[in-house]
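Here is a friendly tour of one protein chain and the ligand it holds. Take your time with the picture, and turn it as you read.

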Amino acid sequence: MEKIVIEGGAPLKGAVRVSGAKNAALPVIAACFLAQGTHRLKNVPHLKDVQTIKTIMSGMGVGFSEENGVLSVDTAEVSGYFAPYGLVKTMRASILLLGPLLARLGRAKISLPGGCAIGARPINLHLRALAAMGVDMFLDRGYINATVDRLKGAKIFFDIPTVTGTENILMAAVRAEGTTILENAAKEPEIVDLADFLRAMGAHIEGDGTDTIVVEGVKELSPAPEHSIIPDRIEAGTLMIAAAITKGSVSIEGCRPEHLAAVIEKLHSAGATVREMQNGLVVQGQDPIISVDIETMPFPGFPTDLQAQFMALMCIAKGSSVIRETVFENRFIHVSELRRMGAEIRIRGNQALVVGKERLLPAPVMATDLRASASLVLAGLVAEGGRTEVNRIYHLDRGYEALEKKFQALGASIWREKI
Ligand code: EPU
């Protein structure tokens, strides 16, 4: 076990490069099932979650190798269709294998993901859509057993725009017989990246990035020449908030401002200066930080995956801010840890009232999920006068590539220690 230790107080300064997006890499790797052969992926981040999907797919006969920054995924032979509980319980996104396996083999046995620290996170919408496409499913000892002769196109309406649900059905639809129309689809940039990858394989998809996606199924797909995963907008947003909270000045290279409009707007309102440069953004923090309200929303709204980090910023802002979480029902677990660092936060239902304080205090704290961990690291970067220790950082390693090294390079006093 490891922990991250931070001696806060230094304004971050310099340039940092954003890694590839976890939430784009996972569906793209799963989509490799859809065409027999070797796929070449660039900009795949080195993360625990990526390792988990590779381990599950290796168990199904898929070969992985990496050379000169290119991940080769060999799906010529697929010998299995089983995703075990032991791995799925560490990463819910394993459910992304359901659509591609059904399209490739006509069957899948995948552990039903259980509860999650941030909410119940059911997958009923994935399953309902697959049933409409002709899939037979039953639940046995915690596993979804799914079979289909040939997937059939269908008109799907999602009650809620679900990101992995949209991706799962998109991957099933590209090889289904006939047309699939996905209505009230999610519009996240990761969906557009997946659609770009699928199109490069020969799929017929229109409307990705809007709430209606139309897919004309094809019989066969072939591996794309090469695909580069989009930069991680959540990592970029975390680095932007880090610049603002430490009142530093950081160039965030390789990020796409068009994926970050809501975050840029809120940082502006909080007093920071955000400028676009040729290959990313420069964020300059200002004193004082000004309180602003946020409400999380599906893309292009303010992302739930940055709510905890923005809350850390509001903890030392001038005034009070209301933070409303509308995507997940239990995404305030970081609040009690931030309180241990002197934050004043009151929660009522899905709203948190953050009363800004002059400073945060160093303390030992515990990470409870991926983005909560990042929020505690940000709080640690400004907590002066001692050591902040963030425990259970395996959550952080699921979704941030060498975050402490990136902060070190920007001048922070932060390191990893074995427990
Ligand atoms: N929902 C249902 N039924 C479903 C599917 C979703 O009720 O069948 C509900 C969820 O409970 C939630 C809402 O719909 O209230 C939206 O959830 P969504 O399905 O969009 O979330 P997800 O696909 O499970 C992805 C990201 C999350 C990110 C959310 C929201 C991946 C692998 N995960 O999850 O990322 O928070 O979209 O943007 O793409 C993270 O990276 O830390 C993370 C949690």
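## Charged pairs across the chain

The count of salt bridges comes to 25, and the model they are found in is a predicted one. A salt bridge here is a side-chain nitrogen of Lys or Arg within 4 Å of a carboxyl oxygen of Asp or Glu. The table gives three of these pairs.

| Salt bridge | Closest N and O atoms |
|---|---|
| Arg 398 and Asp 49 | 2.8 Å |
| Lys 247 and Asp 287 | 3.5 Å |
| Arg 324 and Glu 295 | 3.3 Å |

Start with the pair of Arg 398 and Asp 49, whose closest N and O atoms are 2.8 Å apart. This pair links distant parts of the chain: Arg 398 sits in helix H13 (residues 394-399) and Asp 49 in helix H2 (residues 48-58), 349 residues apart. Are the two partners buried or exposed? Arg 398 is partly exposed, with a relative accessible area of 23%, while Asp 49 is buried, with a value of 1%.

Next come Lys 247 and Asp 287, with 3.5 Å between their closest N and O atoms. Lys 247 lies in the loop between helix H8 (233-245) and strand S15 (249-253), and Asp 287 in the loop between strand S17 (280-284) and strand S18 (294-295), so the pair ties together parts that are 40 residues apart in sequence. Lys 247 is partly exposed, with a relative accessible area of 32%. Asp 287, at 62%, counts as exposed because the cut-off for that word is over 50%.

Then there is the salt bridge of Arg 324 with Glu 295, at 3.3 Å. Here strand S19 (residues 320-324), which holds Arg 324, is linked to strand S18, which holds Glu 295, and the two residues are 29 residues apart. Arg 324 counts as partly exposed at 28% relative accessibility, and Glu 295 counts as partly exposed at 32%. Elsewhere, Glu 2, Asp 397, Glu 404, Arg 416 and Lys 418 are joined into one network by salt bridges that share partners.

## Around the ligand

Now turn to the ligand. Which residues come nearest to it? Of the 21 residues around the ligand, these are Asn 124, Thr 162, Thr 164, Asp 305 and Val 327. Val 327 has a polar backbone atom 2.5 Å from an oxygen atom of the ligand. Two arginine side chains also come into the picture. An N or O atom in the side chain of Arg 121 is 2.9 Å from a ligand oxygen, and for the side chain of Arg 371 the distance is 2.8 Å. On its own, the ligand has 840 Å² of accessible area, and the protein covers 88% of that.

Helices take part in this shell. Helix H1 (22-31), helix H5 (124-132), helix H6 (163-173) and helix H12 (370-382) each supply at least two residues. The largest share, three residues, comes from H5.

## Buried places

Arg 371 appears again when you look at Gln 309, since it is among the residues in contact with Gln 309. Gln 309 is found in helix H10 (residues 307-314). With a relative accessible area of 0%, Gln 309 is buried. Leaving aside neighbours within four places in sequence, its contacts include Ile 234, Thr 238, Ile 241 and Tyr 400.

H10 also helps to cover helix H9 (residues 261-269). In H9, the residues Ala 262, Val 263, Ile 264 and Leu 267 are buried. What covers them includes H8, strand S16 (273-277), S17 and H10. Just after H9, Gly 271 takes a positive phi of about 105 degrees.

## Bends in the backbone

Asp 287, which you met in a salt bridge with Lys 247, is also one side of a cis peptide bond. The bond from Asp 287 to Pro 288 has omega near 0 degrees, and Pro 288 lies in the loop between S17 and S18. Another cis peptide bond runs from Phe 299 to Pro 300, with omega near 10 degrees. Pro 300 lies in the loop between S18 and H10.

Positive phi values turn up in residues other than glycine too. One is Asn 184, with phi near 55 degrees, in the loop between strand S11 (179-183) and helix H7 (189-200). Another is Arg 392, with phi of about 60 degrees, in the loop between strand S23 (388-391) and H13.

Methods:
Residues numbered from 1 in each chain as written. Predicted model: local features only at pLDDT ≥ 70, side-chain atom pairs only at ≥ 80, totals over all residues. Heavy atoms only, no water. Helix = DSSP H or I, 4+ residues; strand = E, 2+ residues; numbered from the N terminus. Buried < 20%, exposed > 50% of the residue type's maximum accessible area, 1.4 Å probe, protein only. Contact = heavy atoms within 4.5 Å. Near = heavy atom within 4 Å. Polar contact = N/O pair within 3.5 Å; in protein donor to acceptor, adjacent residues only side chain to side chain. Areas by Shrake-Rupley, 256 points an atom, 1.4 Å probe, with all protein chains shown as cover.
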